[in-house]
Amino acid sequence: MREPIILPECKNEKVPEAQHPFYHSVEIQTRFNDFDMLGHLNNSAYLQFMDLAKVRYFEAVTGKPLDMKGIATVIVNINVSFFSPTYFGEPVSVLTACVKISQRSFVLEQRAVNPMTGDVKCVATVVMAGFDPKTGCGVELDAAWVSDLSRFESGV
């Protein structure tokens, strides 16, 4: 059994408490051009970091490198709530968990956090759906994806 990631408690009472454990985290390397004139991480950079974290998450879930030809899902919705700025030089990691799975879609929760303080910078909900690139239509998720996601999130 894998142990869930434990971070220091977030002191911001506006941040919703996670309703599930996180088993995956990616440390993010920020760049100078990710920051605005006030020294805050630009909001658009978080989405890039979350995309990187999704790739690493899927590799951890499947146990193999992500094959772009084998991707049969697309993002259909992203909602991000911002709670605290990330400053230049501050460490940031992205936690990812699959919080809901159905036959045609699944929902990821991603949190950008300072891993040293537990300060939650933002929380994103990402809905991904099965997709057939040949027809351009939605399809049921591959049974192997569903099985892999369920196994990974059970902590096994």
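A residue counts as buried when its relative accessible area is under 20%, and Asp 34, at 4% relative accessibility, therefore belongs to the buried class. The structure discussed here is a predicted model, and every value below was computed from it.

**Salt bridges**

The side chain of Asp 34 meets that of Arg 31 in a salt bridge, with a nitrogen-to-oxygen separation of 2.9 Å. The two partners do not fall into one accessibility class, because Asp 34 is buried at 4% relative accessibility, whereas Arg 31, with a relative accessible area of 42%, is partly exposed. As a general point, side chains of opposite charge can pair when their charged atoms come close. The count of salt bridges in the model comes to seven, and the table sets out three of them.

| Salt bridge | N to O distance |
|---|---|
| Arg 31 and Asp 34 | 2.9 Å |
| Glu 90 and Lys 121 | 2.7 Å |
| Lys 121 and Asp 119 | 2.7 Å |

Which residues are joined into one network by salt bridges that share partners? The side chain of Lys 121 meets that of Asp 119 in one salt bridge, and Glu 90, Asp 119 and Lys 121 are thereby linked into one network by bridges with shared partners. Glu 90 and Lys 121 also form a salt bridge, at 2.7 Å from N to O, and this pair connects distant parts of the chain, since Glu 90 sits in the loop between strand 2 and strand 3 while Lys 121 lies in strand 5 (residues 120–132), 31 residues apart. Lys 121 counts as buried because its relative accessibility is 1%, and Glu 90 is also classed as buried because its value is 16%. Asp 119 is buried, as is Lys 121.

**Strand 3 and its partners**

Strand 3, which covers residues 92–101, is mostly covered, with seven of its ten residues buried. Strand 3 pairs with strand 1 (residues 24–28) in the antiparallel sense, over five bridges, and within this pairing Glu 27 stands opposite Ser 93 in strand 3. Strand 3 also pairs with strand 4 (residues 105–113), again in the antiparallel sense, over eight bridges. In that second pairing, Thr 96 has Gln 110 of strand 4 as its bridge partner, and a hairpin of three residues joins strand 3 to strand 4.

**The segment before strand 1**

Is Tyr 23, in the segment before strand 1, buried or exposed? Tyr 23 lies in the segment before strand 1 and counts as buried because its relative accessibility is 15%. Leaving aside residues up to four places away in sequence, Tyr 23 touches Arg 2, Glu 3, Pro 4 and Ile 5, and also Phe 152, Glu 153, Ser 154 and Gly 155. The C-alpha atom of Tyr 23 is separated by 9.3 Å from that of Ile 6, a residue 17 places apart from Tyr 23 along the chain.

**A nonpolar surface patch**

On the surface, Leu 47, Ile 75 and Ile 78 form a nonpolar patch, and together they have about 220 Å² of accessible area. One of these residues, Ile 75, lies in strand 2 (residues 73–82), and Ile 75 counts as partly exposed because its relative accessibility is 38%.

Definitions and conventions:
Residues numbered from 1 in each chain as written. Predicted model: local features only at pLDDT ≥ 70, side-chain atom pairs only at ≥ 80, totals over all residues. Heavy atoms only, no water. Buried < 20%, exposed > 50% of the residue type's maximum accessible area, 1.4 Å probe, protein only. Helix = DSSP H or I, 4+ residues; strand = E, 2+ residues; numbered from the N terminus. Pairing = 2+ DSSP bridges. Patch = residues over 30% accessible without salt bridge, like charges linked within 9 Å, V, L, I, M, F, W, Y side chains within 5 Å. Areas by Shrake-Rupley, 256 points an atom, 1.4 Å probe, with all protein chains shown as cover. Salt bridge = Lys/Arg side-chain N within 4 Å of Asp/Glu carboxyl O. Contact = heavy atoms within 4.5 Å.
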